[in-house]
Amino acid sequence: GGGFGGAPGEPRIPVPGHGAGLSCRPPGMARQGSGAMLASGGLGFPPQNLARVVVWEWLNEHGRWRPYSAAVCHHIENVLKEDARGSVVLGQVDVQLAPYIIDLQSMHQFRQDTGTMRPVRRNFYDPSSAPGKGIVWEWENDNSSWTPYDMDICITIQNAYEKQHPWLDLSSLGFCYLIYFSSMSQMNRQTQRKRRLRRRMDLAYPLTMGSIPKSQSWPVGTSTGTPCSCPQCLLVNSTRAASNAILASQRRKLYPGAVRQSSTFAGAALWPAGTGTAAVAGGTTKGEGLRVPSGAFTPSQSVPGGVSLPGLNNLNRPGTQRGAGLGARATVPPGVPALPVKNLNGTGPVHPALAGMTGILMCAAGLPVCLTRAPKPILHPPPVSKSDIKPVPGVNGICRKTKKKHLKKSKTPEDVVRRYIQKVKNPPDEDCTICMERLVTSSGYEGVLSHRGIKPELVGKLGKCGHMYHLLCLLAMYNNGNKDGSLQCPTCKAIYGEKTGTQPPGKMEFHLIPHSLPGYTDSKTIRIVYDIPTGIQGPEHPNPGKKFTARGFPRHCYLPDNEKGRKVLKLLIVAWDRRLIFTIGTSNTTGESDTVVWNEIHHKTEFGSNLTGHGYPDPNYLDNVLAELLAQGVSEATLKD
């Protein structure tokens, strides 16, 4: 089936990489001239006096540049205006991208939990193209959700759609697909498999005018003021100092020659502006299909236009023609040593980032780069025999099981709401933050909900926190939730009653193993093993009756066997019994929907290192997880009960 794209850093479906030079031209293809020839436009660098649409893109492992959404691109542009050397936290605008950070200085996307780095680029397209109009073309993947096409393919599809072509052949872009607009489908010409596609309107991508100020160029020169003394900046600054010397040396020695294709570093293309684009030839008559030519250059050909000097501004660099391969660098002059770049030993996620930045700097100087593999996380302890596994002192049992949800049918929704509120006779003239109507007027749910004894103008005050709402609004909120007999204030998140979750049935085991965690050398280790099988979603889940998946189970988690570690374990057992540890949703890691995911209570799944951020040493973890448990209504007072 194949397809285009996936979530940042984790494509959902394997696809062929353009870097491999894939080209599928099946038999029976119409002869040249029967359709229009159209460049996959927008990849060149427009004149400085014209507006340009900015699309930020990341490079996946198949060598394809995948676009971020328009909302994410606006966010990146806003951060860029404030600090061109800063970092962009993608989770601030899209919760599914919570693990990802873009380092604008090195132009890399960094995944905090795995240490994975991927090049990013700031690409420019014509304002009249699909991204400028907020038009997104997507295909339906195997999970029945929608994945956007690569941006140049999206633009090509939109161009054909606007010209009312009945079909579009993507073979010469390296994809064995035909697009049929009448049935809104994509067909694989090898397997004949069809997928649905759709065209939808979204936020338009940001516009920019003119060039980027020199202060935003990269590599960044020396800054004024007191330099930062944190370990990451010290390492980066020392690398930059060495690289500046290399760059200066290279500029003196560089001689005229051809820029040739190289796979030394994917994503650091140094194409001169305007090269590598195909020309537009001829028009089409109504009813004819559309064909797109392949790239102007093959990996073995030289690119005209002379040598691009190292140190080009990565933010302004134009994207290369897709057929031109993944990267290019200047030819290495004789006598320049090939220096290996190795990851430094250590546990912090800065080290793979540093290696990536060093690689970019050396590659920009035309030096061959050899990146060694990053250290692998130590996820599990050494093997433990059954005789060495002991119960946790002070904790009853070694296993807890949960079954399907038992609904409390004794209390009606009205009873639950009335239990936690006090009626307010003369409410203040302020907004009800549920319906956004004034408290002195009727609830916005008047006519939508009707319950005996609850008039739409009635207002109640929650007992502990004192926040006020229409009773009908609280009733609507409760009916839209888990209906477990508890209420949570939408303003301050105070919990009334015993909050329960939607965790599917499964098993939680816990025991002592005779090994120590980093940072807790004097203590043994508590190992928790969660196991949840696949199943069918219940009425409390996003898609009742639909199957849900459970990836990565059994999951092993670790706590130090000390007083605070045992307290955390006891509270985690309570949270498990209340079905709060997991839920069913969309995975931040894979983008898969209808799957079992963590539910806002962080666990340490890395035993002997902290390369992913989910391991030890982490001196603040136990306090942080106690705070997360408290936010779910699981406190030390629970243990006394």
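**Exercise 1. Arg566 and its partner**

Task: In this predicted model, find out whether Arg566 is buried or partly exposed, and which side chain Arg566 meets in a salt bridge.

Solution:
- Step 1. Start with the accessibility: Arg566 has a relative accessible area of 24%. Buried means under 20%, so Arg566 counts as partly exposed.
- Step 2. Now look for the partner. The side chain of Arg566 meets that of Asp561 in a salt bridge, at 2.7 Å from N to O.
- Step 3. Check the partner too: Asp561 has a relative accessible area of 13% and is buried.

**Exercise 2. A pair joining two strands**

Task: Which strands hold Glu138 and Arg198, and how many residues apart in sequence are the parts that this pair ties together?

Solution:
- Step 1. Confirm the pair first. Glu138 and Arg198 form a salt bridge, with the closest N and O atoms 2.6 Å apart.
- Step 2. Place both residues: Glu138 sits in strand E8 and Arg198 in strand E13 (residues 194-201), so the salt bridge ties together parts that are 60 residues apart in sequence.
- Step 3. Add the surroundings. Glu138 is buried at 4% relative accessibility, whereas Arg198 is partly exposed at 31%.
- Step 4. Widen the view: Glu138, Arg198, Arg200 and Asp202 are joined into one network by salt bridges that share partners. The structure holds 24 salt bridges.

**Exercise 3. The sheet with E26 and E27**

Task: In what order do the four strands of the open sheet that contains E26 and E27 stand, and which are the edge strands?

Solution:
- Step 1. Follow the pairing from strand to strand: the order is E20-E26-E27-E30, with antiparallel pairing.
- Step 2. Pick out the strands that pair on one side only. These are strand E20 (399-402) and E30, the edge strands.
- Step 3. Compare directions: neighbouring strands are turned by 20 degrees against each other on average, direction ignored.
- Step 4. Zoom in on the middle. Strand E26 (residues 506-513) and strand E27 (residues 525-531) are joined by seven bridges, and His511 stands opposite Arg527 in E27.
- Step 5. Look for a salt bridge here: Lys507 pairs with Glu509, their closest N and O atoms being 3.7 Å apart.
- Step 6. Finish with the helix: H8 lies across E20, E26, E27 and E30 and runs at about 170 degrees to E26.

**Exercise 4. The buried face of H9**

Task: Which residues of helix H9 (residues 621-631) are buried, and why do they line one face of the helix?

Solution:
- Step 1. List the buried residues: Tyr621, Leu622, Val625, Leu626 and Leu629.
- Step 2. Look down the axis of H9. The buried residues fall within an arc of 135 degrees, so they line one face.
- Step 3. Recall the general pattern: an α-helix has 3.6 residues a turn, so residues three or four places apart point the same way.
- Step 4. Ask what covers this face. The cover of the buried residues includes strand E30 (555-560) and helix H8 (563-577).
- Step 5. Step past the end: Gly633, just after H9, takes a positive phi of about 85 degrees.

**Exercise 5. Around Ile76**

Task: Which residues does Ile76 touch, not counting those up to four places away in sequence?

Solution:
- Step 1. Collect the contacts: Trp56, Tyr68, Val88, Leu90, Ile102 and Leu104.
- Step 2. Set them in context. The largest nonpolar core has 43 residues, and Trp56, Tyr68, Ile76, Leu90 and Tyr149 touch the most other members.
- Step 3. Look for another core: a second, separate one has 40 residues, including Val392, Ile513, Ile532 and Val596.

Key:
Residues are numbered from 1 along each chain as its sequence is written. This is a predicted model: local features need pLDDT of at least 70, side-chain atom pairs count only at pLDDT 80 or more; totals for chains, interfaces and linings use all residues. Side-chain values use heavy atoms; hydrogens and water are left out. A nonpolar core is a set of buried Ala, Val, Leu, Ile, Met, Phe, Trp, Tyr and Cys residues joined through side-chain atoms within 4.5 Å. Buried means under 20% relative accessible area, exposed over 50%, partly exposed in between (1.4 Å probe, protein chains only). Contact means heavy atoms within 4.5 Å. Helices (H or I, at least four residues) and strands (E, at least two) are DSSP runs, numbered from the N terminus. The arc is that of the directions from the helix axis to the C-beta atoms. Two strands pair if DSSP finds at least two bridges between them. Axes are lines fitted to C-alpha atoms, for helices over the stretch in contact, and angles run from 0 to 180 degrees between N-to-C directions. A salt bridge is a side-chain nitrogen of Lys or Arg within 4 Å of a carboxyl oxygen of Asp or Glu.
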